[in-house]
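Work through the exercises below with the coordinates open. Try each task before reading its solution.

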Amino acid sequence: MKEAGRVFHPSEEDWEEAWSDYDRGPVGGPGIVDLISFRAMRQLAIERAFTNDRHFRDAGFLVLF
């Protein structure tokens with residue numbers, strides 16, 4: 001992660017964990033983009049998401065619409 005501009009670059013571990021979660025997840029569960037987003041948001045201590053995607057709510061984030 002780069003602090004200036006707060007760009008998140010997933011590490012190899014982030015990708016491996018996200019793919020593992022995806023493989024273990026249910027049909028219709030969050031996709032790989034959501035899973036990487038969850039990891040980024042947790043690492044950046046972001047608790048709210050400007051989305052109505054139920055996967056974010058299911059992952060414990062506060063969705064804003």
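**Exercise 1. Find which glutamates form a negative surface patch.**

Solution. The model is predicted. The negative surface patch consists of Glu12, Glu13, Glu16 and Glu17. Take one of these patch members, Glu12. Glutamate 12 sits in helix α1, which covers residues 12-24.

**Exercise 2. Classify glutamate 12 and aspartate 21: buried, partly exposed or exposed?**

Solution. Start with the cut-offs: buried is under 20% relative accessible area, exposed is over 50%, and partly exposed is in between. Glutamate 12 has 56% relative accessibility, so it is exposed. Aspartate 21 has a relative accessible area of 29%, so it is partly exposed.

**Exercise 3. Describe the surroundings of aspartate 21.**

Solution. First, place the residue: aspartate 21 belongs to helix α1. Next, check its side chain. A polar contact of 2.5 Å links it to the side chain of arginine 24. Then look further along the chain. Isoleucine 32 is eleven residues away from aspartate 21 in sequence. Their C-alpha atoms are 8.6 Å apart.

**Exercise 4. Summarise the protein chain as a whole: its elements, their order, its dimensions and its buried share.**

Solution. Count the elements: three helices and two strands. Read them in sequence order: α-α-β-α-β. Now box the C-alpha atoms along the principal axes; the box is roughly 35 × 30 × 15 Å. Finally, take burial. The protein chain has 65 residues, and 26% of them are buried.

Terms used
Residues numbered from 1 in each chain as written. Predicted model: local features only at pLDDT ≥ 70, side-chain atom pairs only at ≥ 80, totals over all residues. Heavy atoms only, no water. Patch = residues over 30% accessible without salt bridge, like charges linked within 9 Å, V, L, I, M, F, W, Y side chains within 5 Å. Areas by Shrake-Rupley, 256 points an atom, 1.4 Å probe, with all protein chains shown as cover. Salt bridge = Lys/Arg side-chain N within 4 Å of Asp/Glu carboxyl O. Lys, Arg positive; Asp, Glu negative; His and termini not counted. Charge placed at Lys NZ, Arg CZ, Asp CG, Glu CD. Helix = DSSP H or I, 4+ residues; strand = E, 2+ residues; numbered from the N terminus. Buried < 20%, exposed > 50% of the residue type's maximum accessible area, 1.4 Å probe, protein only. Polar contact = N/O pair within 3.5 Å; in protein donor to acceptor, adjacent residues only side chain to side chain.
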